[in-house]
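Grab a pencil and work through a few short exercises on the structure below. Each one sets a task and then walks through the solution.

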Amino acid sequence: MRDTFKPKIVVFCCNWCAYAGGDLAGISRYQIKPYFRVIRTMCSARVDPEWIMEAFRLGADGVMVAGCHPGDCHYIGGNYRTRRRVAMLRSLLKQFGLHSERLGLAWISAGEAEKFAKTMNSFIDRITELGPSPYRRKKANNETTGAKKETVDV
Amino acid sequence: MSEKIKLALAQGATCSGGDIAVLDLDVELLKLFEVVDLTFAPLATDIKFKDVEAMQDGEITICLYHGAVRNSENEHVAKLLRKKSKIMVAYGACAAFGGIPGLANVTTKNKILDTVYNETATTVNPEHTRPQTKYVDPDGHELELPELFEDVKALDDVVDVDYIIGACPPTREMNVQLLQVILDFVNGKAPLPPKGIILASERTLCDECPRKKPEKVIIDEIKSVDYTKLDPEKCFLEQGIMCFGPATRAGCDSKCIKVNMPCRGCMGPTAAVLDHGGSMLSAFTSILKVSGTETEIPEEEIEKLMEKIRDPLGTLYRFTLPKSLLKRVVKE
């Protein structure tokens, strides 16, 4: 399983730090496993908890939110909110039955290309170890039991 | 006006609060019965499924279905009444979003049956008897029981729904409005409103909250309603009480707030939001107070701060778990 499993990972990067860091990692030719998709947002605080849940619903195996270091937010305090939300979302996702490590949080500055590569690689490794998300398995099996919607013409 | 229209009050997985909410119309009931014939209403009339099955399709003008859909009988009632009714209304939080029964999605069907038929302190069941969907007694009579589903669903997951009315239960004011909508339609004064959520505001409860609005809300300490003396004028969040106002649709006339109780979210989310709990989570976490400068606080301390909120899933999705993005709890 571990040899063949290619995880799907969504990475939300803030425009000012993490995305620039990722960009630099690319220019600097750091090798990163190709199992993640980056979505750029203006600030990590722009990432609504709903989006993270939507990603899991659609079958993401892991979601990473990356922003500026605490104290360095382009919008002064956005990343403080991010980390509070992610902290509570982790305990919520744990209750939903997901491993709390499936939701990652990283602080990466525009210059930390190596950190970006390292963080991503280790996150991908961890998710690969954890295997497919139970929501993805549920979706694949289409095991929704019970009532199914039926449209009636009236 | 020529003929009376037909009204049905169908029940799913419900506490019958929906029926009582209709009864709460009191004197307005007379107006209702001037234009309405009560047909299928198991709590009030003696009618069997076969009587409904004998009706023509669309014969019932309006059906108020209350309760979630969680077993084959609920599903049968929903589908049958959908076929026989012109207008299907998901009436109340359970039919609209799954409601309190929807919290059964945190566990599985087997675990529920184990708890009920084995594990509670007062249960004596050495043979581990479980309800069967079919049973033939020694005399050859065949008995049937509905099958419990794995997932609890809202009404519109099962059938096409015309109108959704939230709240637990729908308030008297909402019922009076609904009655007016029916009256206007019957008398040909006004067409029916477009499909969707009706009798509610497009804004959040905070928008119409009668309490004093503070400039900035900060929660010093998370408190529990049962151990706190609540100030009737001050914002609940400011008092450290989890109030769902910021994430919940208005239209309930701030009933709970007026009797000094925080909002629990029975009106569901606003149209702009995909997930009620996620929306509340985001509002709530942002206003928790931390000591000192936030820059210096290590991540662990933030996690500890958030752990103070007990049972986030049960609190955030008290009424809307089957309508949330993730819908149910899974196993890793």
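**Exercise 1: two helices in chain A**

Helices α1(A) and α4(A) are roughly perpendicular to each other, because their angle falls in the range 65 to 115 degrees (under 35 counts as roughly parallel, over 145 as roughly antiparallel, the rest as oblique). Find the angle behind this and the residues that make the contact.

Before the steps, some housekeeping: this is a predicted model, where local features need pLDDT of at least 70, side-chain atom pairs count only at pLDDT 80 or more, and totals for chains, interfaces and linings use all residues. Residues are numbered from 1 along each chain as its sequence is written, while chains are lettered from A and ligands numbered from 1 in the order in which they are written.

Step 1. Locate α1(A) at residues 18–27; its axis comes within 7 Å of that of α4(A), and the two cross at roughly 95°. Axes are lines fitted to C-alpha atoms, for helices over the stretch in contact, and angles run from 0 to 180 degrees between N-to-C directions. Helices here are DSSP runs of H or I with at least four residues, strands are runs of E with at least two, and both are numbered from the N terminus.

Step 2. From α1(A) come G21(A), G22(A), L24(A) and A25(A), and from α4(A) come A113(A), K115(A), F116(A) and A117(A). Being in contact means that C-beta atoms, placed from the backbone, lie within 7 Å.

Step 3. Sort them: five are nonpolar, two polar and one charged. (Ala, Val, Leu, Ile, Met, Phe, Trp, Tyr, Cys and Pro count as nonpolar, Asp, Glu, Lys and Arg as charged, the others, Gly among them, as polar.)

**Exercise 2: the sheet of chain A**

Work out the strand order in the open sheet of chain A, and which strands stand at the edges.

Step 1. The four strands run β2-β1-β3-β4, with parallel pairing; strands pair if DSSP finds at least two bridges between them.

Step 2. β2(A) (36–41) and β4(A) (103–107) each have a single partner strand, so one side of each has no neighbour in the sheet. The twist averages 20° from one strand to the next.

Step 3. Add the helices. α3(A) packs on the sheet, touching β3(A) and β4(A), at about 160° to the direction of β4(A). α4(A) (residues 113–130) touches β1, β2, β3 and β4 of chain A, and makes about 160° with β3(A).

**Exercise 3: where the chains meet**

Which element gives the largest share of the side of chain A that touches chain B?

Step 1. Count: 36 residues of chain A are in contact with 41 of chain B.

Step 2. Elements giving two or more residues to chain A's side are α2 (49–57), α3 (78–95) and α5 (134–141) of chain A. The largest share, eleven residues, is from α3(A).

Step 3. Follow α3(A) to α11(B): their axes come within 9 Å and cross at roughly 55°, so the two are oblique. R83(A), R84(A), A87(A), M88(A) and S91(A) meet E299(B), I302(B), E303(B), M306(B) and E307(B). That contact has four nonpolar, one polar and five charged residues.

Step 4. Check confidence. Chain B has a mean pLDDT (the predictor's confidence in each residue, from 0 to 100) of 91. In chain B, confidence is lowest in α11(B), at a mean of 83. The model scores ipTM 0.89 and pTM 0.90.

Key: Two residues are in contact if their C-beta atoms, placed from the backbone, lie within 7 Å.
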